[in-house]
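Here are three short exercises to work through with the model open in your viewer. Try each one before you read its solution.

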Amino acid sequence: MSPQNKQTVYVETTVLTDLLLKTGALKEQASSALGFFEEKLLPVYAIKEFKAGPLRRFVWLHNKLVVLNSFSATLDILQRVSRTPQRYLTSTAIEALKTTAYSIGNIKARELVKKYGPNATLDAMQRDEYRLALRMAVEKAWKNRKRGFRIVQPVSCYIEVAPQEKRGQLSLEPTSCGEMSCRLWPKIAEQPQVLATLRAVTDTVSNAEHKRRSQALHDIERKPNVPLSRNQCVNLGDAVFAIFAPKDSTILSTNLRDLRPLAESLGKTCKSPSEVLATNAGT
Amino acid sequence: MSSKEMSPNFSVSRYTTGDKWVLPPYSELSSAPALSAASMHEAGHTVASQQLIADPSLGTGGLLIRAAMELVNPVPAVGESPLVDDLFSQLRGSTLSSALHLLNEALAHSQRAFDAIDSDPVSADDEMQQLQAILPELFCCRSIGDGFGALVNSIQYALVNREGFPLTKSQISLLLGAIRKLREAPFISFGDAVNLAMTFEDAELVIDPPALSHLADEPTE
């Protein structure tokens with residue numbers, strides 16, 4: 001597939017996640033859709049969100065397996081937490097974790113335990129199967145994060161540090177900005193009309209994410225000379241993509257429900273990978 | 001080096017024939033086996049003592065193994081390599097020797113699959129199925145290191161995720177190369193294992209458990 005024209009794509013966190021952490025149709029869609037654009041821009045803010053969100057869930061589960069040292073105990077905790085409002089994983093994810101690549105018969109399993117000891121029990125095998133796969137996925141994603149992209153809008157207040165292994169556990173620190181003041185804020189604060197437009201759109205949707213975003217936008221409007229806090233930077237979320245995407249670019253996201261109204265209010269285009277593929281079908 | 005120059009800590013193993021000795025540089029720190037140049041030449045290896053590299057981060061045992069590994073040229077593609085097997089089994093005990101034995105089998109299957117793929121694709125696929133049957137036991141040897149375990153895990157998922165669909169020649173070639181690498185260097189670092197596994201993905205092999213795809217989804221509030 002070759003680019004049809006000189007269009008530019010501006011990649012948002014959800015598509016980066018599909019490319020780096022998903023397998024199958026979603027990954028293929030994202031990858032194929034990117035093929036229709038000549039210039040592929042990835043803002044550092046997307047990497048920051050990716051690290052603090054999806055990649056963090058991978059690391060959290062990895063470390064849970066290390067700490068509990070048991071697959072069944074980890075699964076038990078996941079199921080118990082899933083029944084509370086404080087959920088970390090979807091129920092589909094928890095169900096999917098019950099599968100193993102090492103399906104062997106009972107007799108063979110007993111033989112292996114006899115020969116190799118506790119490391120060969122089903123629980124230990126599954127624990128390490130996922131522990132190692134999670135660490136592999138995290139390191140792979142980090143190495144691949146900039147592959148094929150032109151990185152734009154580096155923010156000096158956020159330092160990219162590769163995942164580290166300490167005492168068997170993975171660490172993603174830092175996932176938020178450092179001590180110096182926000183470098184995005186001056187560019188956002190100097191556009192009061194854009195802030196007002198985005199807040200008007202945000203206020204029409206009633207969910208927790210939009211409420212936090214609306215509050216952050218309101219705070220910047222009200223006090224344009226006060227630098228953004230770390231939380232405000234995080235809460236702006238999709239608004240950052242809407243603000244910083246080049247006018248002639250297409251924002252590529254699977255989160256159309258939240259991002260498209262924001263982008264369109266500023267006269268920008270937001271499409272999902274499947275929409276890009278449908279538009280270009282037959283070309 | 002004459003026997004007089006050897007350290008008193010040095011334990012002469014079965015490699016006692018020949019008049020020229022090549023010692024790993026850390027023999028004096030532990031009871032390392034010595035390798036006679038003659039026996040190494042007989043086994044088909046080339047002495048390359050100038051390649052020895054010290055790496056203090058590996059500890060004495062690691063240094064010794066690393067030194068010994070770099071002392072000889074890579075293990076031949078397929079088949080037994082008594083020198084390396086014996087050396088490793090003395091140093092690390094039964095898990096490592098089991099792993100090396102299983103890797104020999106795995107290497108033989110994948111090599112035969114590669115050789116047969118053009119003329120007899122059914123046999124090639126069957127060889128890969130037999131390779132797959134070895135992997136659970138090979139995964140039991142993962143105490144060798146996380147790099148070893150992660151690479152075996154990636155090979156297993158590369159095969160499982162094919163859901164029975166035969167591998168292409170280039171995919172077999174990649175797995176063959178990875179198994180050969182494990183055979184030569186079972187103490188592979190995690191970073192090197194990641195780099196190798198990433199080449200599988202470039203050949204359209206999926207090495208992640210399907211469950212991880214769901215893990216990336218954010219739970220709704």
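**Exercise 1: where the chains meet**

In this predicted model, 39 residues of chain A are in contact with 31 residues of chain B. Find out which helix of chain A gives the most to the side that touches chain B.

Solution. Start by listing the elements that give two or more residues to that side of chain A: helix 1 (13-21), helix 4 (54-68), helix 6 (91-96), helix 7 (106-116) and helix 8 (122-144). Next, look at who gives the most: helix 8 of chain A, with 12 residues. Finally, sort that side of chain A by class, and you get 22 nonpolar, eight polar and nine charged residues.

**Exercise 2: into the core**

Work out which residues touch the most other members of the largest nonpolar core.

Solution. This core has 122 residues, and the ones you want are A:V11, A:A137, A:V138, B:L151 and B:I172. Helix 8 of chain A supplies the largest share, 10 residues. Now zoom in on A:A137: leaving aside its neighbours within four places in sequence, its contacts are A:L21, A:F58, B:D208 and B:L212.

**Exercise 3: reading the sheet**

Say which strands of chain A stand at the edges of the five-stranded open sheet.

Solution. First write down the strand order in chain A, 3-2-1-6-7, with parallel pairing. Strand 3 (150-152) and strand 7 (269-271) of chain A each have a single partner strand, so one side of each has no neighbour in the sheet. On average, neighbouring strands here are turned by 35° against each other, direction ignored. Now check one pair: strand 2 (residues 39-43) and strand 3 of chain A run parallel over three bridges, and A:L42 sits opposite A:I151 in strand 3 of chain A.

Terms used
Residues are numbered from 1 along each chain as its sequence is written. Chains are lettered from A and ligands numbered from 1 in the order in which they are written. This is a predicted model: local features need pLDDT of at least 70, side-chain atom pairs count only at pLDDT 80 or more; totals for chains, interfaces and linings use all residues. Two residues are in contact if their C-beta atoms, placed from the backbone, lie within 7 Å. Helices (H or I, at least four residues) and strands (E, at least two) are DSSP runs, numbered from the N terminus. Ala, Val, Leu, Ile, Met, Phe, Trp, Tyr, Cys and Pro count as nonpolar, Asp, Glu, Lys and Arg as charged, and the others, Gly among them, as polar. A nonpolar core is a set of buried Ala, Val, Leu, Ile, Met, Phe, Trp, Tyr and Cys residues joined through C-beta atoms within 7 Å. A residue is buried if 20 or more other C-beta atoms lie within 10 Å of its own, exposed if 12 or fewer, and partly exposed in between; C-beta atoms are placed from the backbone. Two strands pair if DSSP finds at least two bridges between them. Axes are lines fitted to C-alpha atoms, for helices over the stretch in contact, and angles run from 0 to 180 degrees between N-to-C directions.
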